[in-house]
Amino acid sequence: MAKLLRINLSESKATFEEVPEAYRKFGGRGLTGSIVANEVPPTCDPLGVENKLVWAPGILAGTTVPCSGRLSVGTKSPMTKGIKEANSGGGMAQKLARLGIKAVIFEGKSKEPTSVKINKDGVSFSSAASLAGLGSYAILEKLKKENGDKACLAFVGPAGDMKLTAASIVFTTPDFHLRFAARGGVGAVMGSKNLKCVVVEDGGVNHVQVKDKDKMKEGVAKLTKHVAADHFAQGLRRMGTPQIVMITQLAGALPTKNYSMGQFEKAESICGEHMEEVLKARPNCETTHRCMDGCIISCSNIYSDEKGKFIVSGIEYETLALVGANCMIGDLDMVARINRACNDVGVDTMDIGGALAVAMEAGLLKWGDAEAALKLVEGIAQGDENSIIIGSGVKIAGEKLGVKRIPHVKGQCMSGYDPRILKGTGVTFATSPQGADHTAGIVLPGPHDPTYVPVAPTGQAPKSQFMQSWMAAADTLGLCMMIAMPIMEAGPGLHLNVVSSVSALTGEELDDKYICNLGTEVLAIERKFNKAAGMTSEDDRLPKFFSEEPNAPGAPVFDVSPAEIDSVHKV
Ligand code: SF4
């Protein structure tokens, strides 16, 4: 039976505990949320010693269900001041699951920067002083040398050490590229505990035991067959998430010039189609790359310069939207370099893109000035004053620079979908307990829902509620959003193969409503915590300018009523 691993950093002590009955049905986001809700005082200082950092593989981690190895990182967020789950690819979830660890709870605070090693023999602690002052790529090389090529590494960069509110946590892929639990300042919480890095080795053990292997094989085969034929997944396999640039551009929903426009004149220079051509023409690039074992989509990429020198892996849609169009930077190489600089210092590219755009609106740098933007991001590691403002994310940057139009909800930068055009997504941004986020349940039109009108001012709440539940369940199961969306869009039949796979794993009979009921339960836990932390319906609102300014002449504003918005959650 899998165990909880509690790591007390104040005492350098690790304890394996039985999983309480109430937690057994959860993994991933549902489990991190439950533990945070039960163990963290809702009104505590997120960077104080009472806060905890919880990592949990999803329920399906370590099984053959495709794309099921996402890791949930849970805590009280220094950015939203509410409950947080930041989700990452990479190899960590599968390694923890194979070691029989259902969740790791980091609590207390080390006296000095500390490295924690977890393997089949237990847990050990050592000083991480030698990593001080290094950027993420230098830390990666050092840890790789020390730990060999079988471990999964996690660490914070300089932004985490500085406890900046946009700081992320790095997790490595099996081939040692960097992935991030990027959102909500989870890296600042890790930094506040003096937890510099975590090294996990499974040593070849595998505690994941599937009760009914034939049943799981059957479900996995059907899911795999469907995803192979799915149109959106095929686009992801070709261009990755950058394929979304031209979709939102054509819809007038690509955030441009700090969300003042919905189309970017240079969108074709930063879109997936162009990136595919660039990557194919250059040495040492890959148009597809997978962040974890068992991924059948490979939506990521490897981006190198013209001479084949590695820059970054991978560039995602959200970075192209927020660092690219939203800052009016139409140069793909420069977006790649800014992305790398964000990775190196360890900050969320979305909140940094949002912060750079408000800084441009304030006149700190010119619209589209990519070199100045790059310098600002690189200056975070040196502690430059303006760079620290940018590294604190869009809300703090906007307030410090006196900008009125700050695109955030609950302190977290909006994702790359304009809510005036995609109003169901706007309702999700407003009401998600996680703050504005694309993984919280974007609502999109498409053949799966032919009567859905994304710009309609009514009828958006039920769509948002469904998608939020769906994604909360996907995060709890450990499913990547890139597979969770095609499964949802396939209609009622296909998701039953996910249900049967969970049933095959655990041996429990589950009903057809399992996924949405699971998601609804997780959302209720999160809402309850946020309420106790002091959030009210006033925190479930988009910034006013979305209701006052269209993003193009004649385009709609966000006009979903507060009553409809408040109907999303019943808690
Ligand atoms: S689809 Fe993309 S994000 Fe999802 S598991 Fe595969 S590579 Fe990772």
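**Exercises on a predicted model**

By class, the shell around the ligand holds 7 nonpolar, 2 polar and 2 charged residues, where Ala, Val, Leu, Ile, Met, Phe, Trp, Tyr, Cys and Pro count as nonpolar, Asp, Glu, Lys and Arg as charged, and the others, Gly among them, as polar. The model is predicted, so that local features need pLDDT of at least 70 and side-chain atom pairs count only at pLDDT 80 or more, whereas totals for chains, interfaces and linings use all residues. Residues are numbered from 1 along each chain as its sequence is written, and side-chain values use heavy atoms, with hydrogens and water left out.

**Exercise 1.** List the residues around the ligand.

Solution. They are Arg70, His289, Arg290, Cys291, Met292, Cys295, Ile297, Ser298, Cys299, Cys480 and Met482, each with a heavy atom within 4 Å of the ligand.

**Exercise 2.** Determine how the buried residues of helix α13 are arranged.

Solution. Start with the residues of α13 (370-378) that are buried (under 20% relative accessible area, 1.4 Å probe, protein chains only), namely Ala370, Ala373, Leu374, Leu376 and Val377. Seen down the helix axis, these fall within an arc of 160°, taken from the directions from the axis to the C-beta atoms, so they line one face of α13. Finally, the buried residues pack against α11 (332-345), α12 (349-362) and α14 (385-391), contact meaning heavy atoms within 4.5 Å.

**Exercise 3.** Classify the orientation of α6 (residues 213-229) and α7 (residues 231-239).

Solution. The helices pack at an angle of about 70°, with their axes 5 Å apart; α6 and α7 are therefore roughly perpendicular, a class that spans 65 to 115 degrees.

Technical notes:
Buried < 20%, exposed > 50% of the residue type's maximum accessible area, 1.4 Å probe, protein only. Helix = DSSP H or I, 4+ residues; strand = E, 2+ residues; numbered from the N terminus. Axes fitted to C-alpha atoms, helices over the stretch in contact; angles between N-to-C directions. Parallel < 35°, antiparallel > 145°, perpendicular 65-115°, else oblique.
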